[in-house]
Amino acid sequence: MPEADAAGPAVTAASGPPDEAAAERARRAVAAVWRIESARVVAALTRFVGDVGQAEDLAQEAVVEALRQWPAEGVPANPGAWLTTVAKRRAIDGWRRRDRLDERYAAMARDLEERGGAASDGLPDPDAVDDDVLRLIFVACHPVLSREAQIALTLRVVGGLGSDEIARAFLVPTATVQQRIVRAKKTLAAAKVPFEVPEPNEYAARLAAVLQVLYLVFNEGHLPASGAEWVRADVSNEALRLARMVAGLMPREPEALSLVALMELTAARFPARTAPDGTAIPLDAQDRTRWDRAQIGRGRAALLKADGLGRGRGAYGLQAGIAECHATAPTVDETDWAQIVLLYEALGRIAPSPVVELNRAAAISMATGPASALAVVDGLVAGGALARYPALPAVRGELLARLGRTDEARAELEAAARLTGNDRERESLLAKAAKL
Amino acid sequence: MKYMLIMRSDDAAVEAYEQLDFNEVIAAMGAYNESLIKAGVLLGGEGLTDAKEGFVVDFDSTPPVVTDGPYGETKELFNGFWIIQASGPEEAAEWAKRCPLGPGSKLEVRRVTELEDFPQDNEWIQKEAGWREELEGKAR
């Protein structure tokens, strides 16, 4: 009669509201386990079946099975191993049904290899699991995938997020995310992408792609291209969690640690970035007492660790350095602007961009005054790269105003107001122009 | 969201703990901490020294009375904490369950307050943030 006992609660679960609550609790418990275990489970399954897409499908089937069994039997002692075992069994059943003996033998060989030949104690080597998670991250960010597909797949298989959660993060319909993931899996299979960490000759570029995917997700949470809320901290925090995970898996990579530092130092300012009416507050007007000191401490610790590797700073390290200068300054005027100018100069050399150059000009105006900054901005205007970028005339207008060239300043601020798509920014620019 | 995992143990658990092989205890706890770090969820945490070194400031009377040692009648001692990032109480509970503790020990899980938990326009809340800033500024 154990079957009847087990079925009891499941049958009543469908009948009344109190049991719907129990079902919801079970769903949330499974989702929590999945968030923690997804990367390791999908990584282990990819090693077993040789394909990320199939591995993820099998893992989802195991999750469905968990939703059926755990409410009655409780969460198993090792839920990750439970999910992996159930999924592997499904894979074997599938091959048996289709009589795919070749695949079974291949999987058994991979399983044996995974256990280093001594297939007895059953517990996977934790270092081997870490290596597989790293492989999974590199495959999810593989260059055969579009950036959007890399992001969706990374959040799905590494972050353990559902399609609905990814859709909310990127303000797109759930169906769009589902399509992106299905296509991404098919593309990886079609390109026969191996489950491997990249070769040394392509390692740097592949690592850069992984870090860029995480940075884009982070920025989506606080620099949304559209949408009502200025800061959606949960999206950025998810990126931060994954960045810490990646940095933990590759502790010898200064740029992975530096990305964590940059994210921590940037996120520390979130509490001060939004006015009660929802408008954005620029850095120089923020109430610095609202910055998260503990988070600043974590960011600085990560940057120190990156520097400690002795390989110098890359683009994330330099940006983290700039964020650190702001985070540790009591006021705008007491900021080490000379240091920020140097960091922007270095950043401009390794990752040249007109936006970096404009930021450098703004820093120069604080460090040495508006005249030398104006020369840099005029160079940008002559280059023509930022012709449609409202910040260019806005910065130029501010510099001209400080130099007492009022008429020119007004014209620039009005030009910036015409370029911006943001109503509040337009009002603020026009108000500044009117005050001159 | 941030959660604090607060470790509490009764006297028997503390005694049992002292009987264990120190290296094994350190290794188990180290592996747990490493799993939190590798998952990207560990934000902070501390272990506390022997409760006998501590003292209690008791507000039952005015002015409050300072007494040596741990709380007199309490059956459980607070001896360390972690702060983790988690998506909700279920994930925090799942992490807590994995902590290598034994009978007589408990982890109390509490959500850490965030800015949004307070009315933003309260002058005392703003002042408190200012005080914190000032203190930490001096500590630097």
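Modeller: Let's start with a definition: a helix here is a DSSP run of H or I of at least four residues, and helices are numbered from the N terminus. Please also keep in mind that this model is predicted.

Biologist: Thanks! Where is Leu171(A) placed?

Modeller: Leu171(A) sits in the loop between α8 (163–170) and α9 (174–190) of chain A.

Biologist: What should I look for in its backbone?

Modeller: Look at phi. In general, most residues other than glycine have a negative phi. Leu171(A) is not a glycine, yet its phi is positive, about 55 degrees. Lys192(A), also not a glycine, has a positive phi of about 50 degrees. You will find Lys192(A) in the loop between α9 and α10 (200–222) of chain A.

Biologist: Is Lys192(A) buried or exposed?

Modeller: Count the C-beta neighbours: a residue with 12 or fewer within 10 Å is exposed, and one with 20 or more is buried. Lys192(A) has 9 inside 10 Å, so it counts as exposed. Leu171(A) has 15, and therefore counts as partly exposed.

Biologist: Which residues does a cis peptide bond join in chain B?

Modeller: As a general idea, most peptide bonds are trans. Here, the bond between Thr62(B) and Pro63(B) is cis, with omega at about -5 degrees. Pro63(B) belongs to the loop between β3 (55–58) and β4 (65–68) of chain B.

Biologist: How do I read a helix such as α11 of chain A?

Modeller: The general picture is that an α-helix has 3.6 residues a turn, so residues three or four places apart point the same way. For length, helix α11 (residues 233–249) of chain A has 17 residues and should span 24 Å at 1.5 Å a residue; its end C-alpha atoms are 24 Å apart, which agrees. As for its surroundings, 14 of the 17 residues of α11(A) are buried, so this helix is largely enclosed by the rest of the structure.

Biologist: How many residues of chain B are in contact with chain A?

Modeller: 19 residues of chain B contact 23 residues of chain A. On the chain B side, two or more residues each come from α2 (22–38), β2 (42–47), α3 (89–97) and α4 (123–139). α4(B) gives the largest share, 5 residues. By class, this side of chain B has 6 nonpolar, 7 polar and 6 charged residues.

Biologist: What about contacts inside chain A?

Modeller: Chain A is assigned domain 1 (1–112) and domain 2 (125–250). Between them, 15 residues of domain 1 touch 14 residues of domain 2. On the domain 1 side, α2 (17–49) and α3 (52–73) each supply at least two residues, and α2(A) gives the most, with 10 residues.

Conventions. Residues are numbered from 1 along each chain as its sequence is written. Chains are lettered from A and ligands numbered from 1 in the order in which they are written. This is a predicted model: local features need pLDDT of at least 70, side-chain atom pairs count only at pLDDT 80 or more; totals for chains, interfaces and linings use all residues. Two residues are in contact if their C-beta atoms, placed from the backbone, lie within 7 Å. Ala, Val, Leu, Ile, Met, Phe, Trp, Tyr, Cys and Pro count as nonpolar, Asp, Glu, Lys and Arg as charged, and the others, Gly among them, as polar. Domain bounds come from an automatic or database domain assignment. The expected span of a helix is 1.5 Å times one less than its number of residues.
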